[in-house]
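Grab your viewer and work through these exercises with the chains loaded. Try each task before reading its solution.

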Amino acid sequence: MAHALEIKGLQAWYGESHILHGIDLAVPQGQVLTLLGRNGAGRTTTLRAIMGLTDRRSGSIKVHGQETVHLPTHRIARLGLGYCPEERGIFASLSTEENLRLPPALKGGRGKVMSEDEIYAMFPNLAERRHSQGTRLSGGEQQMLAVARILRTGADILLLDEISEGLAPVIVQALARMITALKAQGFTIVMVEQNFRFAAPLADHFVVMEHGQVVESFTAAQLESKRALLDELLSV
Amino acid sequence: MSNLILETRKLTKEFKGFTAVDSVDLQVQRGHIHALIGPNGAGKTTCFNLLTKFLTPTRGQILFNGHDITGEKPAQIARRGVIRSFQISAVFPHLTVLENVRIGLQRFTGTSYHFWKGLSGLRQLDGRALELLELVDLRDMATLRAADLPYGRKRALEIATTMAMEPELMLLDEPTQGMGHEDVDRVTALIKRVAEGRTVLMVEHNMKVISSIADRITVLARGAVLAEGDYATVSRHPKVLEAYMGSEAAELQGAH
Amino acid sequence: MNKKPLGYAALFIAIALLPFLGVYPIFAMKVMCYALFACAFNLLIGFTGLLSFGHAAFLGAAAYAAGHALKVWGFPPLLGIAFGTLMAALAGLVFGLLAIRRSGIYFSMITLALAQMLFFYFLQAPFTGGEDGLQSVPRGSFLGINLENDNALYYLVLAIFVFGFWLIYRTVHSPFGQVLTSIRENEARATSLGYDAARFKLMAFVLSAGLAGLAGATKTLVLGFATLTDAIWTTSGLVILMTLVGGMGTMVGPIVGALVIIALENKIGDLGQWLAGVTGIQWFTGLGESVSLVTGLIFILCVLAFRRGLVGEAGALWERLRKPANAR
Amino acid sequence: MTDFFGVPLPALLGQLLLGLVNGSFYAMLSLGLAVIFGMLNIINFAHGALYMMGAFLAWMGLEYFGVNYWAMLLIAPLIVGVFGLVIERLLLQWLYKLDHLYGLLLTFGLTLVIEGVFRSFFGVGGQPYSAPEALQGATNLGFMILPNYRAWVVVASLVVCLGVWVLIEKTSLGATLRAGTENPKLVQAFGVNVPRLVTLTYAGGVALAGFAGVLAAPILQVNSLMGSNLIIVVFAVVVIGGMGSILGSILTGLGLGVIEGLTKVFYPEASNTVVFVIMALVLLVRPAGLFGKEK
Amino acid sequence: QISGDVVRIGIITDMSSVYADIDGAGGVEAIRLAIADAKGMAAGKKVELVFADHQNKADVAASKAREWFDTQGLDLLIGGTNSGTSLAMAKVAAEKKKPFISIGAGTSRLTNEECTPYTIHYAYDTVALANGTGAAVTKAGGKSWYFLTADYAFGTSLQADTSAVVTKSGGQVLGAVKHPLNASDFSSFLLQAQSSKAQILGLANAGGDTINAVKAANEFGITKTMKLAGLLMFINDVHSLGLKTTEGMYLTDSWYWNQSPESRAWARRFFEKMKRMPSSLQAADYSAVAHYLKAVEAIKTDDGDKVMAQMKATPINDFYTKGTIRKEDGRGVHDMFLLQVKSAKESTEPWDYFKVVTRIPGDEAFTKLADSKCPLVKK
Ligand SMILES: Nc1ncnc2c1ncn2[C@@H]1O[C@H](COP(=O)(O)OP(=O)(O)OP(=O)(O)O)[C@@H](O)[C@H]1O
Ligand SMILES: Nc1ncnc2c1ncn2[C@@H]1O[C@H](COP(=O)(O)OP(=O)(O)OP(=O)(O)O)[C@@H](O)[C@H]1O
Ligand SMILES: [Mg+2]
Ligand SMILES: [Mg+2]
């Protein structure tokens, strides 16, 4: 099976502090991988390192087989990556609509390009607040916008950081349905989730991180057998 | 004194033709942990901002202990004993954990404008500061820089600093957001502990937290009050189910 | 822990001995005035996080006010200086009320613009003598000691300098200073704790303006004149440079910076000629005519490579040298 | 003839028009500052020096290479832009992670250096430069004689300002620019080459200054200090306008030019300070400036 | 008795800023020429020159002067341009009892309120300029005046002095408009001036302001109806404006390089070195130092009091001027010239800019002793 994303020995630093100590991950095309771990385990950092947003990194990151560790961020993105950051990153000076339209279509992306109508159908809140300034949206609305934004670009590998955070239960359910749908359409997804109940039914693979290292890695099928271990690792 | 510590009357906030908070009559009982919940964009944070005057209400009144505080400035309101926390963590990153709390305590010494005094006066406050840190399990981290704390601990520090102000009313905006389960439980317990003898008004999405500590819940939707009551009442309210909790309601008890 | 006061005491005693070591008293006094000016500026930028680009206004306001009081009204020296300081603080209050509500770069630009307005006032007002300056300000006498004597004046200036420095040190290490720090770190949070951030910043600003005024008034007494140079915007730039070169947010940095910059301003011509002599490169003879060019280069260099300034970098080096030693 | 506070109406109209000419310079310079500030978060103190450079380039082009005004109107901004490119790559790019004030300080140092270099080559005296043949002479508007060149200045700068405004507020490139202003890393993570965008923005912003310089050369004295006198006033304009919007900086620039022009009639002594007085008043009422947004 | 066995001369002037062109490095070069002409010797001892840039800062000028007097045994201090610095240096020199010659300062206070026994004000002052231009132009037919005045001490006093002279000479002042320093745009002010219908527009300003004003006057066709008179202008200003814009303007100066064969000869020498023609100040630098060296040579001492007495006792007589230094207040008194800018056609060679309209005798140009406010003048 072709790996959409393949990471070997990834190390990353913020300034002087060494955060990731050799991460190995492989995500097959069209599957969902969830990164679990306690606060500060380095999951966000892993996603940022993939995008080249850490101060320094080393190791190997292959996107559709192409080495990217030496590439600048925008070149990496153009290989078909869509990143939804933990802090959402909604632009205050842009309206909701402009925020949505901001990310350019990625030439390298092989994913399905969602139309604006489809997006507004998925998030009616956004349709309603279409012309208001990006950061005037409520916390949850911003979260929706951040996810919606990368679905337009044709990225086929999505990196989603804590997207269920701060959302009302109804919306969380909608998101879960969306991810299932995206998966069915062939998107490859790497999720960071705190909300295990949200992530559990969606993922094909689970990776547990601790102190910048992978401590456990298993498939959905093995989930039940790993429950006890997980409880211990995550104190769920 | 009346049993109501905080009351709003027809509190309204409009942003360029959009009504974020729509004549809300909120009544918070002294000694309660009062939760404010609602779908995203319901106007909860805006409500907080109005109560602390980080935003100016378009209409309506805010009464604290029976005084009309609608016209007061943020710092004034804080001095009355209404202290808020922020949705994103707010500590003084380059000060030590101890100093963070001491800044809060310092206000009561009345020396804050004394630029000719030494710091020795402030050291007397260290004892009280450490007590507060003890309360949130931060005592052994007292000498660290706040910036070096893990996220969950920062929230705890924030609560300790807020406590230092001896608030009558604490406003907490999503205190458990972005926390691991471990920390969520810790902070929930913490809130319960610190709420003794004072009043807490909190915004929260985590139903487990709400169900375990809230005495009373107000549900906002589209800027207006949708329902109010204790957890049992609210969680069965059909409109709340529809607007907020979704089909998950049945299993709500075990959420998260 | 208590080594610091000792260090400062040593520094001041060393300064007190300078005239005996053949150092030019007027030069040393001028450096002290600018050092105090820079320290006052540093109180804002280094400890409150506000970059004022108009501090020359306070230096100038005090210089003219003190000069006028001493010369025309015949005030005794200390009273004249006090008057100048007061006027600067007053100007600081007005500037502060207008500027303090904006932060960051806006604050800098507003202070710059207000200072420019004051400059035009000084230029046009009759009592300042326009571009001739306010000349022949008498030094007078203090406690019966004739201050026309450079050495006598030297110790008076030293005393003023030590007082100013002490006040700044006190302010930084006071309850007030703590609140300032917290406001610099997170203004919204400080407000929510009940601190009226604007009032604290305003007070710091007035304090800094007053101290800058103290420096300006003293300078007038030392040199015997006040001119537009004191109030022009390039002087505001100069004090920033002094602080930057010495080290923002350090106590002694601005003093070192003032020394370096004043020495450079006075000696750069000699330096150029010396360099030309040593290297044989004729271009260096022109160095004396390129003060601002050299100043600009230092600015760029400092911002790019030595942001901590001389004192800051030295401190960092010291830390680095000490750490491995401890580890071993 | 109608009088207006003792000033004949035609004269007043004349002064208004002249104010507009000055306003055009303010508008163009504060616009450049606003664009650069937006994208790089740097207050480009060197803006005045680069404006001076534009004027000097116009003069040098004619003096040394016989290149005429019209060609220099294109070439000079280009050269200034390229120079900006070099500055950005060489110096500014290291400052983005730091506090804004370092950008201000660095460009302040840069101003001293640029002015110093020009001064050491060309002295401080002005250089003669006259308007191109086609624009010499004046038109009698009935109420005043308007030199053709001044009319051209107003038209040219209005066109340029409007063009920039459309580019930034109405195009997707503009949206990307605005987003890059806030969170460059994230925009880059969307696949936009942000460093290049930043460099080009700086180059574009200073090219505007260079363009203004060429426009100014026939009117004002071309000398090494012409920029530093102007830049502080432009700062005041920016504060009044509030830097919140591109349109704001243009309108404020023009408006203040006109107000300054009126002051020259009614109370000439104050014409240099009037901008600062207005600034103080505006700050009292609207701390964020006329068009600025409260944070 | 030459102190330190060397005659040390120092010049402190603006070498880097607004006034650097009219004095600056050229001034230093002129002094070098003067020393070279004395074969580098005076009273059998070597003559040395030191120079420094005061950056238009009075404190820099004063501290440099002080340092030179104290540590280098400076014998003569020359003050270049900028009034504030000259006033500050004069005080220092007086304290050290050494001669101080101010060349380029405009302020008349140097020989009035702030006079000292050791100050010589050599080339010109604002009174002389006012007298020169005001009287001569009015007599030449420019009867009605309007002023464009820089709104600070210098401009206002220049305007006041000139107005007085104009009225006295039978002219009429129709009004004035004040403009702030460094007003980049003069068009508004000029339109106001134009509507006064005066014959002469007196520019009571300096440097960049004058240049910008002249440029705008030309652009708005004001030069067609009014004649401009620059009250403080130097040849360098005309050079930077070009003849096309300045044609027909009046100005007063103490010297013009093309005024006599000796002047021409000296100016050539200067041109060789500096690649431009000297300003009157640079010529005055030469003249002042030469005058000093002759005095030292004559009395074989560099003692401050004696040299001052000698310099005041001997008339100046060189290519620059023929005149005296007034004993009581140190005012250099010599002829001034009303110059008019040639048209491009009339100009026959580079830097050939002026024709001399009238010569104004020194005692008419400068403040009369009777009017002096110098406390040293006994009345
Ligand atoms: N910009 C930064 N500079 C320095 N250290 C950082 C930075 N961002 C994160 N860290 C540190 O890196 C470590 C890993 O952080 P990361 O954000 O990847 O954790 P996480 O697993 O995503 O946790 P969370 O649930 O808090 O998001 C933490 O110790 C954190 O303090
Ligand atoms: N400054 C503003 N200008 C315009 N609209 C605003 C502004 N602030 C908030 N809003 C709008 O008001 C509504 C309420 O926002 P608020 O932040 O109070 O929601 P919330 O209840 O806290 O939601 P969440 O749980 O998602 O944080 C949202 O629709 C938001 O878009
Ligand atoms: Mg994370
Ligand atoms: Mg919220």
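A polar contact here is a pair of N or O atoms within 3.5 Å; within protein, one must be able to donate a hydrogen and the other to accept it, and residues adjacent in sequence count only if both atoms are side-chain atoms. The model is predicted, so local features need pLDDT of at least 70 and side-chain atom pairs count only at pLDDT 80 or more, while totals for chains, interfaces and linings use all residues. Residues are numbered from 1 along each chain as its sequence is written, chains are lettered from A and ligands numbered from 1 in the order in which they are written, and side-chain values use heavy atoms, with hydrogens and water left out.

**Exercise 1.** Work out what the interface of chain C and chain D is made of.

Step 1: start with contact (heavy atoms within 4.5 Å). Chain C puts in 33 residues and chain D 42.

Step 2: get the buried area, meaning the accessible area (1.4 Å probe) that two parts lose on being put together, summed over both. That comes to about 3600 Å², with carbon and sulfur atoms giving 82%. On the chain C side, the biggest losers of area to chain D are C:I105, C:M109 and C:W233, together 17% of what that side buries.

Step 3: look for polar links. There's one residue pair in polar contact across this interface, both residues at pLDDT 80 or more. Salt bridges (a side-chain nitrogen of Lys or Arg within 4 Å of a carboxyl oxygen of Asp or Glu) number zero between chain C and chain D.

Step 4: assign the elements, where helices (H or I, at least four residues) and strands (E, at least two) are DSSP runs numbered from the N terminus. In chain C, α5 (104-124), α10 (233-246) and α12 (291-305) each supply at least two residues of the side that touches chain D. The largest share there, 12 residues, belongs to α5(C).

Step 5: sort by class. Ala, Val, Leu, Ile, Met, Phe, Trp, Tyr, Cys and Pro count as nonpolar, Asp, Glu, Lys and Arg as charged, and the others, Gly among them, as polar. The side of chain C that touches chain D has 23 nonpolar, seven polar and three charged residues.

**Exercise 2.** Now do chain C against chain B: which residues form the salt bridge?

Step 1: count again. The contact takes 26 residues from chain C and 36 from chain B, and the buried area is about 2700 Å², 65% of it from carbon and sulfur atoms. C:Q178, C:R189 and C:L193 supply 25% of the area chain C buries here, more than any other three residues.

Step 2: find the charged pair. The one salt bridge across this interface joins C:D196 and B:K73, whose closest N and O atoms are 3.7 Å apart. Five residue pairs are in polar contact, both at pLDDT 80 or more.

Step 3: locate the surface. Among the contributors, α7(C) gives the largest share of the side that touches chain B, seven residues. By class, that side has 11 nonpolar, 10 polar and five charged residues.

**Exercise 3.** Give the strand order of the open sheet of four strands in chain A.

Step 1: two strands pair if DSSP finds at least two bridges between them. The order is β2-β1-β4-β5, with antiparallel pairing.

Step 2: check the edges. β2 (17-28) and β5 (66-67) of chain A each have a single partner strand, so one side of each lacks a neighbour in the sheet.

Step 3: zoom in. Seven bridges join β1 (residues 3-14) of chain A to β4 (residues 56-63) of chain A, and A:Q11 stands opposite A:S58 in β4(A).
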